[in-house]
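Biologist: I would like a close look at one part of this model, with its surroundings described in order. Please keep to what can be computed from the atoms.

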Amino acid sequence: MSIMVGIGAFTVILVAGFAEASSPEGINEESPIAIIVGLCIFGVIGLNLLGIGLGVAGLCQPNRSRIFAILGLVFNGLVIMGIIGIMAIGVAMGG
């Protein structure tokens, strides 16, 4: 789940970058594409939080292998940190 969400996040960020670069004055914040990209980013973050919750639940279950729960937590955490890092870079370059 975390790998698919990570690929989805990468795709959404690529679409946002392409939309920004394709317009001479940048993307209009009230355009439908900007709204859809913003909602997709919230969806990706929500799915990552769901994955983290499932990873924690997998760690709490007795008599189960914990390797996939740990891997899920790590990958979901990396995706969220990557999104936050890309947003921070965008804010730093924009201002």
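What is the volume of the second largest pocket, and which residues line it?

Modeller: The model is a predicted one, and every value below is computed from it. The second largest pocket has a volume of about 230 Å³. Its lining consists of I13, A16, I41, I83, I86, M87, I89, G90, M93 and G94. Two elements, α1 and α3, give two or more residues each to this lining. Helix α3 provides the largest share, with seven residues. By type, the lining of the second largest pocket has eight nonpolar residues, two polar ones and no charged ones.

The largest pocket can be set beside it. Its space amounts to about 350 Å³. The residues around the largest pocket are A16, G17, E20, I27, E29, V37, G38 and I41. A16 and I41 are thus named in the lining of the largest pocket and also in that of the second largest. For the largest pocket, α1 and α2 are the elements that each supply at least two lining residues. Its lining divides into four nonpolar, two polar and two charged residues, whereas the lining of the second largest pocket has no charged residue.

Two pairs of residues give distances around these linings. G17, from the lining of the largest pocket, sits in helix α1. G17 counts as partly exposed because its relative accessible area is 38%, between the cut-offs of 20% and 50%. From G17 to M93 the C-alpha distance is 13 Å, with their positions 76 residues apart in sequence. M93 belongs to the lining of the second largest pocket. The other pair is C40 and I13, which lie 27 residues apart in sequence and 9.6 Å apart from C-alpha to C-alpha. I13 is one of the residues lining the second largest pocket, and C40 is in helix α2. With a relative accessible area of 34%, C40 is likewise partly exposed.

The helices behind these linings can be taken in turn, starting with α1. Helix α1 covers residues 2-22, and its 21 residues should span 30 Å at 1.5 Å a residue; the C-alpha atoms at its ends are 30 Å apart, so the two values agree. The buried residues of α1 are S2, V5, A9, V12 and A19. These lie on the same side of α1, because the arc they cover around the axis is only 110°. An α-helix has 3.6 residues a turn, so residues three or four places apart point the same way. On the face of α1 turned away from the buried side are the exposed residues I3, M4, F10, F18, A21 and S22. The buried residues of α1 pack against α2 (32-60) and α3 (67-94).

Helix α2 has 29 residues and reaches 42 Å from its first C-alpha to its last, close to the 42 Å expected at 1.5 Å a residue. Its buried residues are A34, V37, V44, N48, G51, G55 and G58, and they pack against α1 and α3. V37 is both buried in α2 and part of the lining of the largest pocket.

Two asparagines show the packing among the helices at the level of single residues. N48 lies in helix α2 and is buried because its relative accessibility is 0%, under the 20% cut-off. Not counting residues up to four places away in sequence, N48 touches V5, N76, V79, I80 and I83. V5 is one of the buried residues of α1, and I83 is part of the lining of the second largest pocket. N76 is in helix α3 and is also buried, since its relative accessible area is 3%. Leaving aside neighbours within four places in sequence, N76 contacts S2, N48, G51 and I52. Among these, S2 is buried in α1, while N48 and G51 are buried in α2.

A third asparagine, N63, is found in the loop between α2 and α3. N63 is exposed, because its relative accessibility is 82%, over the 50% cut-off. Its phi is positive, at about 60°, although N63 is not a glycine. Most residues other than glycine have a negative phi.

Key. Residues are numbered from 1 along each chain as its sequence is written. This is a predicted model: local features need pLDDT of at least 70, side-chain atom pairs count only at pLDDT 80 or more; totals for chains, interfaces and linings use all residues. Side-chain values use heavy atoms; hydrogens and water are left out. Helices (H or I, at least four residues) and strands (E, at least two) are DSSP runs, numbered from the N terminus. The expected span of a helix is 1.5 Å times one less than its number of residues. Buried means under 20% relative accessible area, exposed over 50%, partly exposed in between (1.4 Å probe, protein chains only). The arc is that of the directions from the helix axis to the C-beta atoms. Contact means heavy atoms within 4.5 Å. On a 1 Å grid over the protein atoms alone, a cavity is a set of points where a 1.4 Å probe fits but cannot get out, and a pocket is an open set with protein on both sides within 12 Å along at least five of seven lines; lining residues have an atom within 4 Å of a point. Grid points are joined across faces, edges and corners, and a volume is the space filled by probe spheres set on the points. Ala, Val, Leu, Ile, Met, Phe, Trp, Tyr, Cys and Pro count as nonpolar, Asp, Glu, Lys and Arg as charged, and the others, Gly among them, as polar.
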